[in-house]
Amino acid sequence: MHRFSMHPGPEPALLPRPDNTRGLRSTTMIGNWIDGAERVAVLTGAGISTDSGIPDYRGPSGVWTLDPELVKAFTYQSFMADASVRAAFWRTYHGHPAWRAQPNTAHRALADLEHSGVAVRVLTQNIDGLQQRAGSSPRKVIELHGTMHQVICTGCGRRTPSEQTLTRVEAGDSDPRCIDCGAILKLDVVLFGEHLNPATTGLAERIAANAQLMLAVGTSLQVEPVASLCAVAVNAGHRLVIVNRDPTPYDDLATAVIREPIGVVLPQICAALSTSDQALK
């Protein structure tokens, strides 16, 4: 079973890539790598939601950049062992801007791409649900790290809407427990050190292996095993395109690396893919 890692794990075995496919590329080259891409996988990270007002984790104004100690609240062992850590976690999510956030142009571009008829699947590290709210079919969005819209009991496994627990937190319950069995409650998300759902990761790997184009958008690609989905796509002989502000450990494997703002460039990419797909039909 897979576990979350805060740093890249052992480097996966990778097929060699020709030197002329590496390095920074501009959006003027979009037409060169969308050709024939009828199946598209899009791996999204926190960067796709920053335009919706949700802070990322590792950026200059990221949650963990501003408060490194808060990382403990996102670590399963610390969360389960320390009531003060759990209290910090619930404080972080009570009133979090993600509850008020709306889908942005990047989310909508991916939804429009699906509606245009392109076979696209979104593999998201995000827990905010904005991709589905933008109009993507829920069955075509794989939430690799869970969802913030549900709470799960770590004892009996009962799931309830997050609003119920957050109401208790607002009323002063800093460490809410399950009303059925008394066990610790947590958001239905995967914390560092916690097992990922093997069925979910297996499905994501199959999608990555079969997509002719893998887009990695707004993700640092530092969290394994999810980041290694890029290697799965490359090893299967497919194209990898990274759209991210900062360098990632997988840049050298990419056919293209784009540093331009996600909200600007992703709609351009999706429009080009949609037009290309129509031309193939």
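**Cavities, central sheet and a pocket**

The lining of the largest cavity is made up of three nonpolar, eight polar and two charged residues. Here Ala, Val, Leu, Ile, Met, Phe, Trp, Tyr, Cys and Pro count as nonpolar, Asp, Glu, Lys and Arg as charged, and the others, Gly among them, as polar. A cavity is a set of points on a 1 Å grid over the protein atoms alone where a 1.4 Å probe fits but cannot get out, and lining residues have an atom within 4 Å of a point. The model is predicted, with local features needing pLDDT of at least 70 and side-chain atom pairs counting only at pLDDT 80 or more, while totals for chains, interfaces and linings use all residues. Residues are numbered from 1 along each chain as its sequence is written, and side-chain values use heavy atoms, leaving out hydrogens and water.

Two cavities of 30 Å³ or more turn up by this rule. The largest holds about 70 Å³ of space, where a volume is the space filled by probe spheres set on grid points joined across faces, edges and corners. Its lining has 13 residues, and those closest to the centre are Thr 44, Thr 124, Asn 126, Asp 128 and Gln 131. Helix H6 (130-133) gives the most to this lining, with three residues; strand S2 also supplies at least two. Helices (H or I, at least four residues) and strands (E, at least two) are DSSP runs, numbered from the N terminus.

The second largest cavity has a volume of about 30 Å³. Leu 110, Glu 114, Val 120, Val 122, Ser 136 and Lys 140 line this second space, with H5 and S2 as the elements that give two or more residues. By class, the lining of the second largest cavity splits into three nonpolar, one polar and two charged residues.

Stepping back to the whole protein, there are 10 helices and nine strands. Of its 281 residues, 52% count as buried, meaning under 20% relative accessible area (over 50% is exposed, in between is partly exposed; 1.4 Å probe, protein chains only). Among contacts (heavy atoms within 4.5 Å) between residues at least 6 apart in sequence, 71% join residues at least 24 apart.

Six of the strands form an open sheet with parallel pairing, in the order S3-S2-S1-S7-S8-S9; two strands pair if DSSP finds at least two bridges between them. Strands S3 (141-143) and S9 (256-258) sit at the edges with a single partner strand each, so one side of each has no neighbour in the sheet. From one strand to the next, the twist averages 15°. Such angles run from 0 to 180 degrees between N-to-C directions, with axes fitted as lines to C-alpha atoms, for helices over the stretch in contact.

Strand S1 is largely enclosed by the rest of the structure, because five of its six residues are buried. S1 pairs with S2 in the parallel sense over six bridges, and Arg 39 stands opposite Ala 119 in S2. Five bridges join S1 to the parallel strand S7 (residues 213-217), where Leu 213 stands opposite Val 40. Further along, S8 (residues 239-243) and S9 run parallel and are joined by three bridges; Val 241 has Ala 256 of S9 as its bridge partner. Helix H5 (residues 105-115) packs on the sheet and touches S1 (39-44) and S2 (119-124), its direction making about 150° with that of S2.

Helix H4 (residues 83-93) has a set of buried residues: Val 85, Arg 86, Ala 87, Ala 88, Phe 89, Trp 90 and Tyr 93. These pack against helix H3 (76-81), S4, helix H7 (162-170) and S6. Just after H4, Gly 95 takes a positive phi of about 80°. His 96 follows in the loop between H4 and H5, and counts as buried because its relative accessibility is 11%. Leaving aside residues up to four places away in sequence, His 96 touches Ile 54 and Pro 55.

S4 and S6 come up again in the second largest pocket, a space of about 380 Å³. A pocket is an open set of points with protein on both sides within 12 Å along at least five of seven lines. Of the 21 residues lining this pocket, Arg 159, Asp 188, Val 190, His 195 and Asn 197 are the closest to its centre. Strands S4 (146-153) and S6 (185-189) are the elements giving two or more residues to the lining, and S4 gives the most, with four. The lining of this pocket comprises seven nonpolar, nine polar and five charged residues.
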